[in-house]
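Please open the model in your viewer and keep the selection tool at hand. The tour goes from one selection to the next.

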Amino acid sequence: MNFNIKTLTPVHVGTGIDFQGNVEYLWFSNERQAVVLDDEKALGIIGEENVGHWVSCIEKGESLLTLLQQRHTGLRPEMLARRILQHGAGAIEAQKVLREQLHSANGSPLLPGSSLKGALRTAVWAEKIFQQPELAKNLSNLGESRMDRRSGKERFEFKDNTLAQKVFGKDPNHDVFRLWQIGDAMFQQPTAIYRTEVVNFYRGEYDIKKEITQQIEAIPAGAETQVRWNYNDLLEKRAGKSNLFNRTAEALRPDQLFPAVNKHTKRLLENEIKFWKEDAHSPLVVGTYIDDLERMLAEVDACDAQSFVLRLGWGTGFRTMTGDWHINMTDDDYYDLVAALRPTHDETIQYPKTTRMVAGGTPLGFLKMTLQA
């Protein structure tokens with residue numbers, strides 16, 4: 001099966017590499033472009049005899065762009081670039097680090113099949129638990145008690161292994177997601193640079209937490225490509241005879257998976273919109289965030305049987321990454337989980353208490369997938 005992918009908001013799946021501002025990437029403010037530096041091109045302009053000046057810039061924390069402009073009047077971004085990033089949103093700070101977007105070997109922006117499959121897995125996981133909430137209310141499914149060597153006391157350690165086995169299968173050989181093989185999605189559109197901000201609840205109000213503002217390279221909204229997915233019908237038939245997979249495998253058939261993913265995405269969107277409107281009272285600091293979430297909800301509602309909206313990647317938040325199935329736990333177990341996740345915080349503080357977004361309010365990570373005829 002071939003799927004068309006269209007990004008609805010910027011999507012970032014990173015490499016784990018940060019580019020140093022003014023050194024490894026340069027911001028051309030007049031052109032509103034950033035360049036990931038090609039060292040050979042830069043050396044050709046600076047000259048080998050002036051490498052010492054280059055090193056001195058790095059040591060002093062000065063901008064390499066100034067030196068390059070001194071060496072070549074009329075310097076253009078393409079004269080230095082390994083790749084050029086268009087301006088996405090926000091006031092870019094040239095000295096800040098830049099989180100790199102994953103690319104293929106030929107330089108195409110990439111969403112790996114593993115990320116797509118992981119997001120689908122989270123959706124199936126969450127919907128399964130929402131259908132059978134008793135799974136999350138049974139403490140034996142949520143971890144195990146261990147003896148703390150320091151205190152000598154027994155404490156409960158939260159783990160999802162048992163729950164995962166009940167949802168997907170007892171081991172990798174029995175894992176129902178063996179039925180799906182998902183390729184990497186490579187885009188032809190150039191990436192863009194975005195300033196991302198964190199809205200934090202502190203001392204009774206919401207505000208931008210400036211010290212954790214970050215800049216990312218991301219696949220922009222509106223980018224499109226195709227990706228190949230294979231559903232292994234033969235394996236499903238053979239597995240049915242040998243009882244290889246549990247009943248969750250039925251939920252992976254396209255006619256069931258696509259509406260389930262939309263149901264999952266819609267539930268997360270509706271809950272977040274409700275939170276910001278009713279609990280947080282629509283603070284101005286979130287900008288267009290609520291409006292954009294409602295726009296994503298309309299995209300979900302417009303899906304037919306051959307399409308669905310999914311959210312994935314960096315900056316999408318705790319609820320998206322986990323599927324938010326934890327709300328099916330008993331209150332006591334949920335409070336214990338939150339305390340284990342953030343032991344230094346007061347238990348009365350909302351969890352999670354921060355939300356990341358593109359400067360101005362755009363949420364990260366939404367894409368639409370449509371099965372091609």
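A residue counts as buried here when its relative accessible area is under 20%. The model is a predicted one.

Start with Asp292, which lies in helix H9. Its relative accessibility is 9%, so Asp292 counts as buried. Leaving aside residues up to four places away in sequence, Asp292 touches Gly361, Thr362 and Pro363. Select those three together with Asp292 to view the contact.

Next, show the whole of H9, residues 289–301, and add helix H8, residues 254–279. The two helices pack at an angle of about 155°, and their axes are 10 Å apart. Because of that angle, H8 is roughly antiparallel to H9. The crossing of H8 past H9 is left-handed. To see the contact, show side chains on both helices: H8 contributes Asn262, Thr265, Lys266, Leu269, Glu270, Glu272, Ile273, Trp276 and Lys277, while H9 contributes Tyr289, Ile290, Leu293, Glu294, Met296, Leu297, Val300 and Asp301. Coloured by class, this contact shows nine nonpolar, two polar and six charged residues.

Now move to strands S12 (residues 192–202) and S13, which pair in the antiparallel sense over four bridges. Pick Val199 and find its bridge partner in S13, Ile208. Two residues sit between the strands of this hairpin, where Arg203 takes a positive phi near 55°.

Last, select S13 alone, residues 205–208. Which of its side chains are buried? Tyr206 and Ile208 are, and they point to one face of the strand. Glu205 and Asp207 point to the other face and are not buried.

Key
Residues numbered from 1 in each chain as written. Predicted model: local features only at pLDDT ≥ 70, side-chain atom pairs only at ≥ 80, totals over all residues. Heavy atoms only, no water. Axes fitted to C-alpha atoms, helices over the stretch in contact; angles between N-to-C directions. Parallel < 35°, antiparallel > 145°, perpendicular 65-115°, else oblique. Left-handed = near helix turned anticlockwise from the far one by under 90°. Contact = heavy atoms within 4.5 Å. Nonpolar A, V, L, I, M, F, W, Y, C, P; charged D, E, K, R; others polar. Buried < 20%, exposed > 50% of the residue type's maximum accessible area, 1.4 Å probe, protein only. Pairing = 2+ DSSP bridges.
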